[in-house]
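Visitor: Please show me the structure, and then let us discuss its interior and its aromatic residues.

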Amino acid sequence: MTPLPQAAGRGLVSRRFRVSSLLEPRLKERGVRLPAVLEGAGLPRGFFDQERIFVSTEELFALWRSVAEVSGDPLIGLQLGSEPRIERNDPSAIAALCSQSFRDAVSRMARYKQITCPEEIRTTVAKGEAAVEFTWLLAREAEPAVLVDLCLAWILAIGRRGTANQITPLRLELARPSAHRKALEAHFGCRVRFESDRNALVFHTADLDRPFVTHNAELLGMLAPQLERELGAALESGQPLGERVKSTVKRLLAGQRPSIEHVAKRLGMSSRTLQRRLTDTGATFQALVEEARRELARHYLGQSSLELNETAYLLGYEDANSFFRAFHQWEGTSPGEWRSSHRSPGAPAP
């Protein structure tokens with residue numbers, strides 16, 4: 001079974017799930033008693049009053065188990081995952097609907113999932129079949145059935161709307177014991193295989209390339225850049241603080257030596273806070289600046305045709321001699337000698 005290529009940077013970005021503010025009104029519309037849901041999940045009464053709602057994997061699972069119990073409808077996830085109103089969808093779902101094909105849509109959903117949660121959408125292809133499944137990366141217990149139903153119904157809803165109902169799954173695979181077979185088969189339009197080794201919706205491979213009638217290049221051109229910026233910020237914030245500092249320093253270097261105040265501002269904190277947090281990790285700002293310079297120096301010397309004085313400038317040194325002295329302390333040799341012995345085969349000569 002071969003995994004489809006996924007977007008770069010797919011690794012674990014966030015350790016918490018962002019709960020949509022739209023969940024509260026959608027549950028109320030279905031007569032679900034929210035105080036009872038929160039009490040059953042062990043969550044605070046003001047849970048839905050937060051501007052941004054973040055929960056751990058354990059809290060998310062508890063929330064959805066409680067939703068299923070309080071609602072009295074074990075299949076409520078199918079309804080919530082098949083929202084017909086476009087304004088009730090989050091930006092990543094709208095971007096998916098604007099995609100060129102079902103394959104493109106699933107790829108976008110998998111990529112932008114990283115912004116909001118430690119969860120992956122995985123697509124594998126084998127023997128003419130394409131299986132789409134959700135994986136909760138930090139789960140230490142089985143995911144609630146209602147949450148599995150919601151996620152798989154969401155994927156199918158995007159595919160059906162995008163292709164004008166031209167997609168029908170081959171089968172639905174569920175890890176749980178047999179229950180509600182008729183209702184599930186009626187919703188997904190295919191047979192259900194219970195007690196499987198995964199929770200997945202399986203399609204014909206050809207369905208991945210079905211074009212989307214909802215394709216909208218202009219709207220996608222507006223949504224995608226913002227989602228990419230959010231993803232970039234999420235990926236960066238998932239790095240250790242020292243790596244974030246070095247990444248910021250590298251962007252600021254070029255004829256100047258970034259100050260801690262400048263770097264702290266880029267990271268959205270005060271210089272005092274940054275200094276304290278670095279101290280807590282046993283690092284110093286000056287040491288990280290030197291590490292960033294050293295890493296960039298090795299890159300410039302090994303991969304580019306820059307003159308040595310140009311490299312010194314890009315690393316924020318006042319003159320080439322200062323760069324030469326620093327480099328000799330790092331590597332025990334001169335920049336020119338290091339370049340001669342470490343140059344990449346395809347790099348142009350200076």
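Visitor: Which residues touch the most other members of the largest nonpolar core?
Guide: This is a predicted model. Its largest nonpolar core holds 62 residues. Those that touch the most other members are Phe47, Trp64, Ile121, Trp136, Ile158 and Phe188.

Visitor: Where does the largest share of this core come from?
Guide: The core of 62 residues draws its largest share from a single element. That share amounts to 11 residues, and the element is H7.

Visitor: Which residues does Phe188 touch, not counting residues up to four places away in sequence?
Guide: Phe188 belongs to the core just described. With residues up to four places away left out, its contacts include Asp149 and Arg160. The others are Leu78, Leu152, Ala153, Leu156, Pro169, Leu172 and Leu201.

Visitor: How many residues make up the other core that lies apart from it?
Guide: Val245, Leu267, Phe285 and Ala312 are among the members of this other core. The number of its residues is 28.

Visitor: How are the planes of Phe102 and Phe212 arranged?
Guide: The whole structure contains 11 aromatic pairs. In the pair of Phe102 and Phe212, the centres are 6.4 Å apart and the planes differ by 25 degrees. Planes under 30 degrees apart count as stacked, so the pair of Phe102 and Phe212 is stacked.

Visitor: How many residues apart are Phe102 and Phe212?
Guide: Phe102 lies in helix H6, which covers residues 102-116. Phe212 lies in the loop between strand S8 (200-204) and helix H9 (217-237). The pair thus links distant parts of the chain, 110 residues apart.

Visitor: Is Phe212 buried or exposed?
Guide: Its partner Phe102 has a relative accessible area of 0% and is buried. Phe212 has a relative accessibility of 5%. Because buried means under 20%, Phe212 also counts as buried.

Visitor: What is the arrangement of the rings of Phe134 and Trp154?
Guide: The ring centres of Phe134 and Trp154 are 6.4 Å apart, and the planes meet at 50 degrees. Phe134 is in strand S5 and Trp154 in helix H7, so the pair ties together parts 20 residues apart in sequence. With planes at 50 degrees, the pair is tilted.

Visitor: Over which ring does the charged end of Arg293 sit?
Guide: One aromatic cluster is formed by Tyr317, Phe323, Phe324, Phe327, Trp330 and Trp338. The charged end of Arg293 is 3.9 Å from the centre of a ring in this cluster. That ring belongs to Tyr317.

Methods: Residues are numbered from 1 along each chain as its sequence is written. This is a predicted model: local features need pLDDT of at least 70, side-chain atom pairs count only at pLDDT 80 or more; totals for chains, interfaces and linings use all residues. Side-chain values use heavy atoms; hydrogens and water are left out. Rings of Phe, Tyr and Trp (its six-membered ring) pair if their centres lie within 6.5 Å; planes under 30 degrees apart count as stacked, over 60 as edge-to-face and the rest as tilted. Helices (H or I, at least four residues) and strands (E, at least two) are DSSP runs, numbered from the N terminus. Buried means under 20% relative accessible area, exposed over 50%, partly exposed in between (1.4 Å probe, protein chains only). A charge sits over a ring if NZ of Lys or CZ of Arg is within 6 Å of the ring centre and within 35 degrees of the ring normal. A nonpolar core is a set of buried Ala, Val, Leu, Ile, Met, Phe, Trp, Tyr and Cys residues joined through side-chain atoms within 4.5 Å. Contact means heavy atoms within 4.5 Å.
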